[in-house]
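Subject: Structure handover and findings

Hello,

Here is the structure I promised to pass on. My notes on it follow below.

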Amino acid sequence: MHEYPALKDSENLTSINEGNFEDAAMQVFRYQHGNNALYRKYCDTLGVNAAAVKSVADIPFLPILFFKTHKVVTGDWTDSALIFESSGTTGETPSRHYVRDAGLYETSLLHGFREFYGAPGEYAILALLPSYLERGNSSLVYMAKTLMEKSGHPDDGFYINEWDTLHDVITRLEGQGQKTLLLGVTFALLDFAETYPMQMKHTIVMETGGMKGRKEEWTRGEVHAFLKKHWQLQQVHSEYGMTELLSQSYSKKDGIFKPASTMRVLVRDINDPLDVSTTGTGCLNIIDLANLHSCSFIATDDIGNIAADGAFEVLGRADQAALRGCSLMVV
């Protein structure tokens with residue numbers, strides 16, 4: 001067993017930066033390898049000797065599928081402060097992320113938001129998240145709720161299909177010159193924009209992805225072009241997060257994401273899941289140091305491209321043929 005990392009303290013989580021990220025990641029790897037039986041078994045199956053892991057490039061990444069099939073936890077604990085659950089088609093097994101420490105998650109979320117947008121208290125925060133509000137345990141709804149609590153603006157609120165009220169609120173806030181964040185699932189933003197075109201000068205529109213079969217699939221470029229046209233926006237922002245991650249990445253334009261300081265995104269070769277690089281195109285691997293009590297090293301099903309400065313694009317989801325190369329589902 002390895003000792004509990006210093007990262008357990010929220011103050012230390014917010015002190016993560018480019019200079020100390022790798023040291024922190026190695027500390028978390030040693031802790032999780034020693035205290036997460038599932039992750040250790042996966043490493044053993046790959047033939048990875050933890051003592052031989054000397055750099056981030058050597059760390060194995062757990063296929064994200066295991067959040068559907070196993071309880072992914074590090075440490076000896078059973079009581080979860082939160083359980084985040086993914087959406088899915090009827091009959092599909094959802095992913096579940098068992099969160100031991102809600103405070104650690106909220107610290108990561110708020111620290112990342114401030115890095116990109118400043119204090120939540122500067123904004124009125126409006127959330128158009130119909131498909132997420134209609135089910136329980138959504139990490140996206142919890143994220144929006146936490147931001148609203150820190151915002152404290154009297155017009156903060158969630159919306160399902162009250163578009164007339166939402167339109168009136170945005171119009172009034174625009175008239176007041178109030179900085180506003182409209183956080184929305186993609187299909188709902190498209191429907192709302194089509195029904196209520198308007199000019200937004202003081203509102204950040206942030207799409208979180210998610211068509212959920214409600215419309216034909218559009219590219220991110222098509223979505224952004226539609227929203228910019230109907231709301232006279234210079235840019236559309238995006239948030240990249242998921243049930244299995246406790247940190248977020250944000251894009252302020254053109255779907256080019258930058259990760260929060262607690263997160264790093266790598267790319268693995270589609271045909272060789274152990275070939276991991278810092279740049280190029282392939283399946284995305286994510287290090288999320290806020291995942292201290294689950295697993296911080298996740299091999300996702302997303303395909304993306306990473307630039308030299310660490311910014312990345314999400315190009316789509318890997319099909320089953322690609323996933324056979326992207327993952328080793330062997331535990």
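Does Tyr117 count as buried or exposed? Tyr117 has a relative accessibility of 7%, so it counts as buried. Please keep in mind throughout that this is a predicted model.

Aromatic pairs

Searching the whole structure gives 20 aromatic pairs. One of them joins Tyr39 and Phe297: the ring centres are 6.2 Å apart and the planes are at 20 degrees, so this pair is stacked. Tyr39 belongs to helix H3 (residues 37–45) and Phe297 to strand S14 (residues 297–306), so the pair ties together parts that are 258 residues apart in sequence. Tyr39 is buried, at 0% relative accessibility, and Phe297 is buried with a relative accessible area of 0%.

Phe113 and Tyr117 make another pair, with ring centres 5.3 Å apart and planes at 35 degrees, so this one is tilted. Planes under 30 degrees apart would count as stacked and over 60 as edge-to-face. Both residues are in helix H5, four residues apart, and are therefore separated by about one helical turn. Phe113 counts as buried, because its relative accessibility is 1%. Phe113 and Tyr117 also belong to one aromatic cluster, together with Phe116, Tyr123 and Tyr250.

Charges over rings

Tyr117 has a further partner: the charged end of Lys252 sits over its ring, 5.1 Å from the centre. Lys71 is placed likewise with respect to Tyr98, its charged end sitting over that ring at 4.8 Å from the centre.

The nonpolar core

In soluble globular proteins, nonpolar side chains tend to be buried together. Here the largest nonpolar core has 99 residues, and those with the most contacts inside it are Leu182, Val205, Leu227, Trp231, Ile287 and Phe297. The element that gives the most to this core is helix H5 (residues 102–117), with eight residues.

Phe297 thus appears both in the stacked pair and in the list of core residues with the most contacts. Leaving out residues up to four places away in sequence, Phe297 touches Ala25, Val28, Phe29, Gln32, Tyr39, Ile59, Pro60, Phe61, Leu62, Ile286 and Ile287.

Helix H3

Which residues of H3 are buried? They are Leu38, Tyr39, Tyr42 and Cys43. Seen down the helix axis, the buried residues of H3 fall within an arc of 135 degrees, so they line one face of the helix. They pack against helix H2 (21–35), strand S1 (62–63), helix H4 (66–69) and S14.

Cysteines

How many disulfides does a search of the whole structure find? It finds zero. Cys43 illustrates the point: the closest cysteine sulfur is that of Cys295, 8.0 Å away, which is too far for a bond. The cut-off for a disulfide is a pair of sulfur atoms within 2.5 Å. For Cys295, the closest cysteine sulfur is in turn that of Cys43. Cys43 is buried, at 0% relative accessibility, and Cys295 is buried, also at 0%.

Three single residues

Leu173 is in helix H8 (residues 163–176) and counts as buried, at 1% relative accessibility. Neighbours within four places in sequence aside, Leu173 is in contact with Ala124, Leu126, His153, Asp155, Gln178 and Thr180. Between Leu173 and Ala308 there are 39 Å, C-alpha to C-alpha, and the two are 135 residues apart in sequence.

Ser249 is in strand S9 (residues 249–251), and at 0% relative accessibility it counts as buried. With residues up to four places away in sequence not counted, Ser249 touches Ser238, Glu239, Tyr240, Phe257, Lys258, Pro259, Ala260, Met263 and Phe312.

Lys150, in helix H7 (residues 139–151), counts as partly exposed, because its relative accessibility is 47% and partly exposed residues lie between the 20% limit for buried and the 50% limit for exposed. Lys150 touches Leu110, Pro120 and Gly121, again not counting residues up to four places away in sequence. The C-alpha atoms of Lys150 and Val267 are separated by 34 Å, with their positions 117 residues apart along the chain.

Regards

How values were computed:
Residues are numbered from 1 along each chain as its sequence is written. This is a predicted model: local features need pLDDT of at least 70, side-chain atom pairs count only at pLDDT 80 or more; totals for chains, interfaces and linings use all residues. Side-chain values use heavy atoms; hydrogens and water are left out. A nonpolar core is a set of buried Ala, Val, Leu, Ile, Met, Phe, Trp, Tyr and Cys residues joined through side-chain atoms within 4.5 Å. Buried means under 20% relative accessible area, exposed over 50%, partly exposed in between (1.4 Å probe, protein chains only). Helices (H or I, at least four residues) and strands (E, at least two) are DSSP runs, numbered from the N terminus. Contact means heavy atoms within 4.5 Å. Rings of Phe, Tyr and Trp (its six-membered ring) pair if their centres lie within 6.5 Å; planes under 30 degrees apart count as stacked, over 60 as edge-to-face and the rest as tilted. A charge sits over a ring if NZ of Lys or CZ of Arg is within 6 Å of the ring centre and within 35 degrees of the ring normal. The arc is that of the directions from the helix axis to the C-beta atoms.
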